[in-house]
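Trainee: I would like to understand how the words used for a model like this one are justified, one term at a time.
Mentor: Then let us take the structure and set each value against the meaning of its term.

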Amino acid sequence: MQRYRMSSVFSGASPGEPGRRAFTLIELLVVIAIIAILAALLFPVYTRSRDRAIQTQCVSDLRQLGQGVLLYRQDFDDRFPYAIDYMDRQLIDTWRSWDQTIPNASTQVQELASRTASDGSPYGGQIDRVLRPWTTSEEIWRCPGDTGAGGVGAATATDYTKELTAQPVWRITRGSGTWGGTSYMYRTELCLSNRPASRLRYPSLTNVFMDAAFYWHSRLHRAPRPNSTEWADYSQGSYDQLYADGHAANVSQQDYSDSWWLPYRNASGVNTWTPFE
């Protein structure tokens, strides 16, 4: 009788109840193994869902920026916002090659790069500052997938390893100001040409804003790499883009490249060096 009572206490049963058998070590390990397998199966699904949500948010923000561009165009005779992006500030000399097709292109970029914002920051001519009155908040300029942009390291930081890998592009492009900064590059020749948007040859194919890096979204989500290896998987990447007709989408690297070069061609396939008719 005494032995039954001790067994009942050990098994957690009350006196008078049959003893309940505890888990053996093997059974416990089996349960843990099953949980680990389920976690391994579900974690990639969770990661893909998270990255897809980031991509979707970025596309949504670009659509809002598209509304800002439309409002600007309504106020300025259907012209695109007269502004530059951060890369243009660093590559003014490159714009001298555009002077033959866009009158005074490099002079215009230099003038925009020298503009001072209302807070004293030397970023007054940057697209996020110029479009500020027509946008809802500075948050829509920040892609939630922005991890930095190694591919444009030479243009956006003097020391790639210390600056670009440690900060998102929007933070770098904010500069010393209290407002602004953008994750997106701007197709500057659209404004420098001073032509109405209605004269674009292929508005649904012409990109206006695009991610600064190809690896921010669900096809290839990662951090920047040193410049020697940055482009190794370029063809696997994708870009979120805003197009001149107002739609935004995540596109493959090939579609991104096409949105730059196809608008230059006329109906006969001849390169005109301008996206306008």
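Mentor: We begin with pairing: two strands are said to pair if DSSP finds at least two bridges between them. Please keep in mind throughout that this is a predicted model.

Trainee: What makes β3 and β4 a pair, and which residue in β4 is the bridge partner of Tyr 239?
Mentor: Pairing asks for at least two bridges, and β3 is joined to β4 by five, with the strands running antiparallel. One example is Tyr 239, whose bridge partner in β4 is Val 251. These two strands form a hairpin with four residues between them, where Gly 246 has a positive phi near 100°.

Trainee: How do you know that β2 pairs with β1 and with β3?
Mentor: The same test applies, with at least two bridges needed. Three bridges join β1 (residues 184-186) to β2, and β2 and β3 (residues 238-243) are likewise paired over three bridges, so by the definition both count as pairs. Met 210 shows this well, since Met 185 stands opposite Met 210, while in β3 the bridge partner of Met 210 is Gln 241. Further pairs between β2 and β3 include Phe 209 opposite Leu 242 and Asn 207 opposite Tyr 243.

Trainee: What is the order of the strands in the open sheet, and why are β1 and β4 said to stand at the edges?
Mentor: The four strands follow the order β1-β2-β3-β4, with antiparallel pairing. β1 and β4 each have a single partner strand, so one side of each is left without a neighbour in the sheet. On average, neighbouring strands of this sheet are turned by 30° against each other, direction ignored.

Trainee: Why is β3 called largely enclosed?
Mentor: A residue is buried when its relative accessible area is under 20%, and six of the six residues of β3 are buried, so the rest of the structure largely encloses this strand. Both faces of β3 are covered, with Ser 238, Asp 240 and Leu 242 on one side and Tyr 239, Gln 241 and Tyr 243 on the other. Strand β2 (residues 207-211) is judged in the same manner: five of its five residues are buried, so it too is largely enclosed.

Trainee: Is Asp 77 buried or exposed?
Mentor: Exposed begins over 50%, and Asp 77 has a relative accessible area of 63%, so Asp 77 is exposed. Asp 77 is placed in the loop between α2 and α3, and has a positive phi of about 50° although it is not a glycine.

Trainee: What makes one face of α10 the buried face?
Mentor: Helix α10 (residues 253-261) lies across β2, β3 and β4, and Gln 253, Tyr 256 and Ser 259 are buried in it. Seen down the helix axis, the buried residues of α10 fall within an arc of 120°, so they line one face. They pack against β2, β3 and β4.

Trainee: Which residues are closest to the centre of the largest pocket, and which helix gives the most to its lining?
Mentor: The largest pocket holds about 650 Å³ of space. Of the 28 residues lining this pocket, the closest to its centre are Met 87, Leu 91, Met 185, Tyr 256 and Trp 260. Helix α10 gives the most to the lining, with four residues.

Key. Residues are numbered from 1 along each chain as its sequence is written. This is a predicted model: local features need pLDDT of at least 70, side-chain atom pairs count only at pLDDT 80 or more; totals for chains, interfaces and linings use all residues. Side-chain values use heavy atoms; hydrogens and water are left out. Buried means under 20% relative accessible area, exposed over 50%, partly exposed in between (1.4 Å probe, protein chains only). Axes are lines fitted to C-alpha atoms, for helices over the stretch in contact, and angles run from 0 to 180 degrees between N-to-C directions. Contact means heavy atoms within 4.5 Å. The arc is that of the directions from the helix axis to the C-beta atoms. On a 1 Å grid over the protein atoms alone, a cavity is a set of points where a 1.4 Å probe fits but cannot get out, and a pocket is an open set with protein on both sides within 12 Å along at least five of seven lines; lining residues have an atom within 4 Å of a point. Grid points are joined across faces, edges and corners, and a volume is the space filled by probe spheres set on the points.
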